[in-house]
Structure formats: structure tokens, C-alpha cells
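Biologist: I should like to request a close look at a single part of this model, followed by an account of the side-chain interactions elsewhere in the chain.

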Amino acid sequence: MPKTPLARSVTLAALAGGLAAPAAHADFIGDSRANLELRNFYVNSDNRQDGVAQSKAEEWAQGFLIKFESGFTEGPVGLGVDALGLLGVKLDSSPERAGSGLLPGGFNDPAPDDYANLGMTAKVRVSKSTLRVGTLIPRLPTILPNDTRLLPQTFRGAQLTSQEIDGLTLNAGRLTENSLRSEAGYEDMIMSGVAGGRQTDKFDFGSASYRWNEDLTTAYSYGRLDGNYKQHIVNLTHVAALGQDQSFKSDLRYARSTSDGNATVDNKAFGAMFTYSLSGHSFGLAYQKMSGDTAYPFINGSDAFLVNYVMIAPTFANADERSWQARYDYNFAAMGIPGLSLMARYISGDNFGPGGDSTEWERDTDLAYVIQSGALKNLGLKWRNGTYRASGGRKIDQNRLILSYSIPLM
């Protein structure tokens, strides 16, 4: 786990070697691509509740993400290799302000000057099916790696993706280790959302998604975190064109989670979000309902496949909780300013906790701009602001400033 100042040179040099290796095999090169992404991230989280030990988490850091994806060798069985280099560099932090999620460590635990990770993935392609073994960032309803901070969460394991039938995508595999978004090393996985889980090196998953036409997609997904929970998820996405520059989108999700092993898990999660779009405007309404004896479970550090999974209190998925969301988006390209966008939403939850009397709400705003031309083309700037309040006194105000820039290397 490189956490010394040598991390910068070791990680980037190792990845450079990985990028150069395929050069001797011309069959790799035609479809190969490499990209460097730069992320400059500032987080200020103001914890306003009375008696809290840490009143503020505030850190600033620079991230470097180098991603290489080779092509495949020629023939009925194609071979390839991918590489991912991740480096986070501390710009500002202190023990009393640590724990923002940008850097390793927490309150009263000094963050290192840098942290790094290097992942390699071997891949084999036969027809329209590809097996990947090594470092993975799968994105399925049962497993959604978190990518809302400096560096993305990654996993180790194997994943088979098949698209032999037009419109049908099948996925199956096993994950064995987890590297959190602010950690350099890998560790066993554990359940989040529900107490009583245990660490494990086995998460088995499978999914089938079918695109019936350009407007309708349905999917079924299965996940099992060994000794923790089993989960079945079905979802439907439909977009109805209503005329020029108008559409109505329906996003329906249902998940059933039960115990596996000694853990106690019993959750049914229903969510629906409907969005009406007109020119650059989008108006969304969502409803989410938990039932059963426990909250919604998911892998520690990852995101949850819920319509009301948001910024600060992300899930709104306590046992028996019901929640509503109102959301507005605007793309300023409709008024001649391409690259500028706005998102605002409000989420309210109730009917959970002792006696079903607990409540919570959150208000989020995103303002983003991507430069469209000139020397700084594709430079992205984003401001995220969130306010969270809950019965019992929990109060959080949070701001995030993000600068991102992507540079094609080949």
C-alpha cells in the first residue's frame, strides 16, 4: 500500500510500462485507447448538530486517473489487457478536519501526503462475450462502485459479459476484494445499511438486461454477499416521446433482500421516478418505500440502486421509511449556452425509527459547466451544495468544488 512520496513515481512509472507493453503486438493497437483524467476536489462538510465531536470535515486534494484499454488479438479467441493507475495527492488537510472521504484517515487520524493504486485486468473475447479477470469497476443494480470523490472505488474479481443476442446483455461473476474510494489497498467486503454483517471475500452476481426497443429496457439482477445477504432486483426504464423536444421517462425499481448466513436482513424496496422533459427543462417526481424488518443492504463503500439515493444522507432507506423527491434540471444549451447545466432537488423521508416518528430531509443543488472550445476545452467545473436535517438533531451543510480535465493519450 504505497502511501509515501514515492507513490507518485512508482504508480505512474508502473502504468507507463503497462502502456508500452502492448506496442510489440500490433493486433492490440488498432482499438487501444488511453486517457488521463485530472480531478481537483475540495470538500467542506459543516456538522452543526449539538455535542458533535467533529464540527467540520474540510480537505482539498488532487487526483490522477490513468486508464488504458487494449484492443484484442486477432482470431476466434481475442486476448487483451487493461490497466488503471490511481493517485491521490493531499493539498490541504489536518487531523481535526480529516474524514471528508477524499483522503485515507478520519477525525484525529492524519491523512498521508498521497495514496496510490495500480490495477491490471486480463480479458478474453470469444464472439460477443468477454471475460475480465483482475481489477474491475462493474456497474450493475446489485453493485455500483462509488465515484463521487477523488478516486473511484474498485474491486478485484472476474466478470463475464455476453451480448450474443441483439438487445440482451448478460453479466455474471464474483468479486473477492474491495478498495474504497479513499484507500490504496484492498480488503474483504462487508455489508452496509444493516448492522451485524461480517467480512467476506465472496460476492456473486448475475444480471440480464433486455432492450426491447429504443424506448423500453427491462432487467433482472441477483447479488449474494456471502454470509450477509441475498438480493433480487427488477427494474424497468421507459421513455415516451410526446412531440418535438418533449418526453416522459418512467423509472421503476423493486428489490427484495433477505439474510444469508447469520446476518439478519429483511427488506423490500420499491421506487418510482417520473420525469417530464420539455426543451432544456426536466421536472422529476419520485416516491420510495421500504418495508420489512431492516433497512436496505448494499456493499460497504458502494452506492445503492435506489431512486432516492442522493448526496449527504444518501439512501433514505431505513426500515419502513417512505420518502419523496422533487427534482428540476435545466440544460442551458436550450438558451444558447452549451456546457452549462443546473440540478436542484428536495427529498423528504418519514415513518421510520422508534415509533415511526423520525423524519429527515435533504436539499441539493449542482451547477456545472464544461468549457466547449479553446485551449481549455473539456475542462469541467462543478459546485455541489447540500443541506441535510433529521429529527434527533443531526444537521449537515456541505459544499464540494470539483475541477476535472480529461486528456486523451492515444
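In which loop does Leu-379 lie?

Modeller: The model is a predicted one. Leu-379 belongs to the loop that runs between β18 (358–370) and β19 (380–390). The residue is buried, because its relative accessible area of 17% falls under the 20% limit for that class. Leaving aside residues up to four places away in sequence, Leu-379 touches Tyr-369, Val-370 and Ile-371, together with Ser-404 and Tyr-405. Thr-142, by contrast, is 237 residues away along the chain, and its C-alpha atom is separated from that of Leu-379 by 32 Å.

The two strands that flank this loop are also joined by a salt bridge. The side chains of Arg-384 and Asp-366 meet at 3.0 Å, N to O. This pair links distant parts of the chain, with Arg-384 in strand β19 and Asp-366 in strand β18, 18 residues apart. Both Arg-384 and Asp-366 are buried.

Across the whole structure, a search finds 25 salt bridges. Another of them is formed by the side chains of Glu-69 and Arg-33, at 2.8 Å from N to O. Glu-69 lies in strand β2 (residues 56–69) and Arg-33 in strand β1 (residues 33–47), so this salt bridge ties together parts that are 36 residues apart in sequence. Arg-33 counts as exposed, with a relative accessibility of 52%.

A further salt bridge joins the side chains of Asp-260 and Lys-230, with an N to O distance of 4.0 Å. It too links distant parts of the chain: Asp-260 is in the loop between β12 (246–259) and β13 (266–278), while Lys-230 is in strand β11 (residues 229–243), 30 residues apart. Asp-260 is buried, at a relative accessible area of 8%, whereas Lys-230 is partly exposed, at 31%. Both residues take part in a network of salt bridges that also includes Arg-174, Arg-198, Asp-204, Arg-224 and Asp-226.

Aromatic rings provide another set of interactions, with eight aromatic pairs in the structure. The ring centres of Phe-248 and Phe-274 are 6.0 Å apart and their planes are at 15°, so this pair is stacked. The stacked pair links distant parts of the chain, since Phe-248 is in strand β12 and Phe-274 in strand β13, 26 residues apart. Phe-248 is partly exposed at 32% relative accessibility, and Phe-274 is likewise partly exposed at 34%. Tyr-296 and Phe-298 have ring centres 6.4 Å apart and planes at 35°, so that pair is tilted. Tyr-296 is buried, with 2% relative accessibility, and Phe-298 is buried with 10%.

Charged side chains also meet rings. The charged end of Lys-123 sits over the ring of Phe-72, 4.9 Å from its centre. In the case of Arg-156, the charged end sits over the ring of Tyr-186, at 3.9 Å from the ring centre.

Finally, there is a nonpolar surface patch of about 510 Å², made by Val-77, Leu-79, Val-124, Val-126, Leu-131, Val-133 and Leu-160. The elements giving two or more residues to this patch are β3 (77–92), β4 (114–126) and β5 (129–136). Val-126, found in strand β4, is partly exposed, with a relative accessible area of 42%.

Terms used
Residues numbered from 1 in each chain as written. Predicted model: local features only at pLDDT ≥ 70, side-chain atom pairs only at ≥ 80, totals over all residues. Heavy atoms only, no water. Helix = DSSP H or I, 4+ residues; strand = E, 2+ residues; numbered from the N terminus. Buried < 20%, exposed > 50% of the residue type's maximum accessible area, 1.4 Å probe, protein only. Contact = heavy atoms within 4.5 Å. Patch = residues over 30% accessible without salt bridge, like charges linked within 9 Å, V, L, I, M, F, W, Y side chains within 5 Å. Areas by Shrake-Rupley, 256 points an atom, 1.4 Å probe, with all protein chains shown as cover. Phe/Tyr/Trp six-rings, centres within 6.5 Å; stacked < 30°, edge-to-face > 60°. Lys NZ or Arg CZ within 6 Å of the ring centre and 35° of its normal.
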